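Biologist: Before any label is accepted, I should like to see the reasoning behind it. Could we go through the assignments one by one?

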Amino acid sequence: MNEVTKTAVLERGATPLAPTTAPLPAGHPAVAWGRIGVLLMNLGTPEGTSYWPMRRYLKEFLSDRRVIEVPRAIWWPLLNLVILTKRPGPKGRDYASIWNTDRDEGPLKTITRSQAEKLQATMGDRVVVDWAMRYGKPEVEARIQALLDQGCDRILLVPLYPQYAAATSATACDQAFRALMKMRWQPTVRVSPPYHDDPVYIDAVAAAIRRDLDALDFEPEVILTSFHGVPKSYLLKGDPYHCQCVKTGRLIREALGYSPERMRVTFQSRFGNEEWLKPYTDETVKELAAQGIKRLAIVAPGFTADCLETLEELDGENRHYFEEGGGEHFAYLPCLNDGPEGMRVIAHVVQRELRGWID
């Protein structure tokens, strides 16, 4: 390989898939290729907790037609004239209660970055691991371009959602595909599928629950497996999310050997007046307290990283509901995050989906 060709092929450290002997013509732009990219994609987080960063984040999130399927003629004035005027303040205060002040960012960003860094450490030089957020920063398009700049002509997109939903997995992929539409030389792309019933995932969640329960100074009478809710209409339109959540909950319960009465599936974070997937987590917590349950634990296996919905809503709001109703002992069990169990799941999914590219 002559020096001109070698420079073109190995631009930015890329490793060639096969040697080439043909020299590039004079004036040909440098070409980086031969590496494999992995892009971890999570939901997103605001850039700050004050009014304007929160407003920008909420506007991007709540303008997504995958998330809000209300007709635009109805939703646009409600969003821009009411919600984006009133909601940034209270939500900013919620975020401030869980904010990573050392890094000045939400915990979702801190954890997702760490997941990418830990995964990179296991993958070798030929695979480049990066991360992005569907809403906010770092942006999906920018991180795909960064992978291309490092010579990644094959990219695995990894939506960090064990259960598939149009409002999560699909919209993350939509954003990636929009970026690809602008590119003259698109990379070859794969998308990792949901892993709601993967034995490695189920075993990891069960192991983490056992460990965290052993660390408590009480034994819960009931454990709720709380998943993020979506409107019931999404299920009726064919979204598989509800079914995958229920299956995940059942498999975890069976792995732990609990009865359906002791370990129950619920759905949290409803928004607006439409009926959402039931049973609702907050109403269930209140009902259990009213029934005389004194010891309760909640786990959120649908989240790969702790965030507002787990730290503030589950460990904050629902703890308050339970204790206010007479409950005495409450525990929120953390997500898998970037711990050993969480990284085992992510590495398993990535290595499985890279077969044929790296072996």
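The following exchange sets values of this predicted model against the criteria used to name them.

Biologist: How do you know that the radius of gyration of the chain agrees with that of a compact globule?

Modeller: For 359 residues, the globule rule gives a radius near 21 Å, and the chain has 22 Å, so the two agree. The C-alpha trace spans about 80 × 50 × 45 Å along its principal axes, and the secondary structure comprises 13 helices and 8 strands. Of the contacts with a separation of 6 or more, 74% join residues 24 or more positions apart.

Biologist: Why is C307 called buried or exposed, and what is the case for C243?

Modeller: Buried requires a relative accessible area under 20%. C307 has 6% and is therefore buried. C243, at 49%, is neither under 20% nor over 50%, so C243 counts as partly exposed. Across the chain, buried residues make up 52% of the 359.

Biologist: How do you know that C243 and C307 do not form disulfides with their closest cysteines?

Modeller: A disulfide needs two cysteine sulfur atoms within 2.5 Å. The closest cysteine sulfur to that of C243 belongs to C245 and is 9.2 Å away, which is too far for a bond. For C307 the closest is that of C335, at 6.4 Å, so this pair is also too far apart for a bond. A search of the whole structure finds 0 disulfides.

Biologist: What makes S269 and N337 worth listing for their phi values?

Modeller: Most residues other than glycine have a negative phi. S269 has a phi near 65°, a positive value in a non-glycine residue, and N337 has a positive phi near 50°. S269 is in the loop between β6 and α11, while N337 is in the loop between β8 (329-333) and α13 (340-353).

Biologist: Are these two residues buried or exposed?

Modeller: The cut-off for buried is under 20%. S269, at 16% relative accessibility, therefore counts as buried, and N337, at 12%, counts as buried as well.

Biologist: Which omega values lie behind the description of the bonds before P138 and P279 as cis?

Modeller: From K137 to P138 omega is near -5°, and the peptide bond is cis. From K278 to P279 omega is near 0°, and that bond is cis too. Most peptide bonds are trans. P138 lies in the loop between β2 (127-136) and α6 (140-149); P279 is in the loop between β6 (263-268) and α11 (281-290).

How values were computed. Residues are numbered from 1 along each chain as its sequence is written. This is a predicted model: local features need pLDDT of at least 70, side-chain atom pairs count only at pLDDT 80 or more; totals for chains, interfaces and linings use all residues. Side-chain values use heavy atoms; hydrogens and water are left out. Helices (H or I, at least four residues) and strands (E, at least two) are DSSP runs, numbered from the N terminus. The radius of gyration is taken over C-alpha atoms; the globule rule is 2.2 Å times the number of residues to the power 0.38. Buried means under 20% relative accessible area, exposed over 50%, partly exposed in between (1.4 Å probe, protein chains only). Contact means heavy atoms within 4.5 Å.
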